[in-house]
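Here are my notes for you, written as numbered points. Keep the viewer open as you read, and find each residue as we come to it.

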Amino acid sequence: MRTRTLRKNKNFKYLIAMLLFFIILGIPSYIWTRKNVTTLAGRYNSPMTPIIMIPGSSASANRFDDLVKTVNNKYGEHHSLLKLTVHTDDSITYSGKIRANDTQPFFVVGFQNNEDGYSNIKKQARWFNIAFNAIKKRYRFNSFNALGHSNGGLIWTMFLENDFNDSNLSINQLLTVGTPYNFEEKNTSNHTQMLNDLIKKRDNIPHNMTYYSIAGTQLYSDDGIVPLGSVDAGKYIYEGQAKHYTLITLTGNKAQHSDMIASNQFITIFHQYIIGNGVNNPNSPDSKQSAIASQ
């Protein structure tokens, strides 16, 4: 009788120990699940759709200051601006702030190492992913629009192909300006190593995204720096992958590589298709999209 009682007590202790083990094991899982559900709920309910911009080589996070001021003044809007600079040690410094209840703020991501060259651009794409994750974690938006000037468009492309894998987040519109998908190569039949690498991963491009590529034709063959054929080579990456792909050419005295983002035509396109998500507002000073915008 005593042996049977001891055995029951021993079994009871084992049962209590196992119960405590599973409770302890389940606590971290419960905390993680609750935190994750809260984050997803915050994203789902977020009214924010930011515009995230990347400048080209040799440009800092201040590159789009004038563009933001012009848009706010011309359209009577009040977009706030936060600028991030990612350093070579992966740290981030911030300048500016996002105003409370701003549903379309601007984020600009620049780099301490902002030099040209394929190896540097790949590093910048990795640094951009660090900045993007920091923005995403802090502001919990569920969709965004994007702008890339020059090599900034290459960084966006590498990011979308290699790092953008959040099923709860979507990119609506991407606009690139003077992006050299084939570097300085004018003949689209001659693919650089970078272009070949980007084509190989084109299946990772988000299929619900609308993509606009702007090329400058100051000299009718290039924008003074990037050949038209190099910008046009973006079709090998985006056409048939993105929901819509459109190539737009700008001509005139502000179709030069560095000047395009200050031209009236670019500002009209940027406001209508990135800030306005492509919705044609009859009360807006924006004109309808044209295959060729003349200065």
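The points below start with the whole chain and then move to single strands, residues and spaces.

1. **The model as a whole.** Please keep in mind that this is a predicted model. The chain's secondary structure consists of eight helices and nine strands. There are 295 residues in the chain, and 47% of them are buried. About 15,300 Å² of the chain is exposed, with carbon and sulfur atoms supplying 52% of that area.

2. **Contacts across the sequence.** Here is a number to hold on to while you look around. Among contacts in the chain with a separation of 6 or more, 76% are between residues 24 or more positions apart. You will meet examples of partners far along the chain in several of the points below.

3. **Strand β4.** How many of the six residues of β4 are buried? Select residues 106-111 and you have the strand; six of its six residues are buried, so mostly covered is a fair description by the under-20% cut-off for relative accessible area. Now look at the directions: Phe-106, Val-108 and Gly-110 point one way, while Phe-107, Val-109 and Phe-111 point the other way. Residues on both of these sides are buried.

4. **The partners of β4.** Which strands pair with β4? One is β1 (residues 51-54), which pairs with β4 in the parallel sense over three bridges. Look for Ile-52, whose bridge partner in β4 is Phe-107. Another is β2 (residues 81-86), also parallel to β4, with six bridges between them. There, Thr-85 stands opposite Gly-110 of β4.

5. **Strands β5 and β6.** Strand β6 covers residues 170-177, and six of its eight residues are buried, so the rest of the structure largely encloses this strand. Its pairing with β5 (residues 143-149) is parallel and has six bridges. To find the place in the viewer, pick Leu-147, whose bridge partner in β6 is Leu-175.

6. **Leu-160, a residue in a helix.** Leu-160 sits in helix α4, which runs over residues 151-162. Is Leu-160 buried or exposed? Its relative accessibility is 1%, so Leu-160 counts as buried. Setting aside neighbours within four places in sequence, Leu-160 is in contact with Ile-171, Leu-174, Asn-204, Ile-205, Pro-206, Met-209 and Tyr-238. As for Arg-202, the C-alpha atoms of this residue and Leu-160 are 9.2 Å apart, although 42 residues separate the two in sequence.

7. **His-79, a residue in a loop.** His-79 belongs to the loop between α2 (65-75) and β2. A place in a loop need not make you expect exposure here: His-79 has a relative accessible area of 10% and is buried. Beyond its neighbours within four places in sequence, His-79 has contacts that include Val-68, Arg-99, Asp-102, Phe-106 and Ile-275. Pro-50 lies 29 residues from His-79 along the chain, with 9.5 Å between their C-alpha atoms.

8. **Two positive phi angles.** A short reminder first: most residues other than glycine have a negative phi. Asn-101 is not a glycine, yet its phi is positive, at about 70°. You will find Asn-101 in the loop between β3 (92-97) and β4, and its relative accessible area of 76% makes it exposed. Arg-140 also has a positive phi, near 55°. Arg-140 is in the loop between α3 (118-139) and β5, and at 33% relative accessibility it is partly exposed.

9. **The largest pocket.** This pocket has a volume of about 270 Å³. It is lined by 15 residues, of which Asp-116, Ser-150, Asn-151, Ile-225 and His-257 are the closest to its centre. By class, the lining has five nonpolar, seven polar and three charged residues.

10. **One cavity.** How many cavities of 30 Å³ or more does the whole structure hold? A search finds one. The largest cavity has a volume of about 40 Å³, and its lining consists of Pro-55, Gly-56, Ser-57, Phe-111, Asn-114, Gln-124, Asn-151 and Ile-155. Three of these residues are nonpolar and five are polar, with no charged residues. Have a look at Asn-151 in particular: it lines this cavity and also appears in the lining of the largest pocket.

Methods. Residues are numbered from 1 along each chain as its sequence is written. This is a predicted model: local features need pLDDT of at least 70, side-chain atom pairs count only at pLDDT 80 or more; totals for chains, interfaces and linings use all residues. Side-chain values use heavy atoms; hydrogens and water are left out. Helices (H or I, at least four residues) and strands (E, at least two) are DSSP runs, numbered from the N terminus. Buried means under 20% relative accessible area, exposed over 50%, partly exposed in between (1.4 Å probe, protein chains only). Contact means heavy atoms within 4.5 Å. Accessible areas come from the Shrake-Rupley method with a 1.4 Å probe; for residues, only the protein chains shown count as cover. Two strands pair if DSSP finds at least two bridges between them. On a 1 Å grid over the protein atoms alone, a cavity is a set of points where a 1.4 Å probe fits but cannot get out, and a pocket is an open set with protein on both sides within 12 Å along at least five of seven lines; lining residues have an atom within 4 Å of a point. Grid points are joined across faces, edges and corners, and a volume is the space filled by probe spheres set on the points. Ala, Val, Leu, Ile, Met, Phe, Trp, Tyr, Cys and Pro count as nonpolar, Asp, Glu, Lys and Arg as charged, and the others, Gly among them, as polar.
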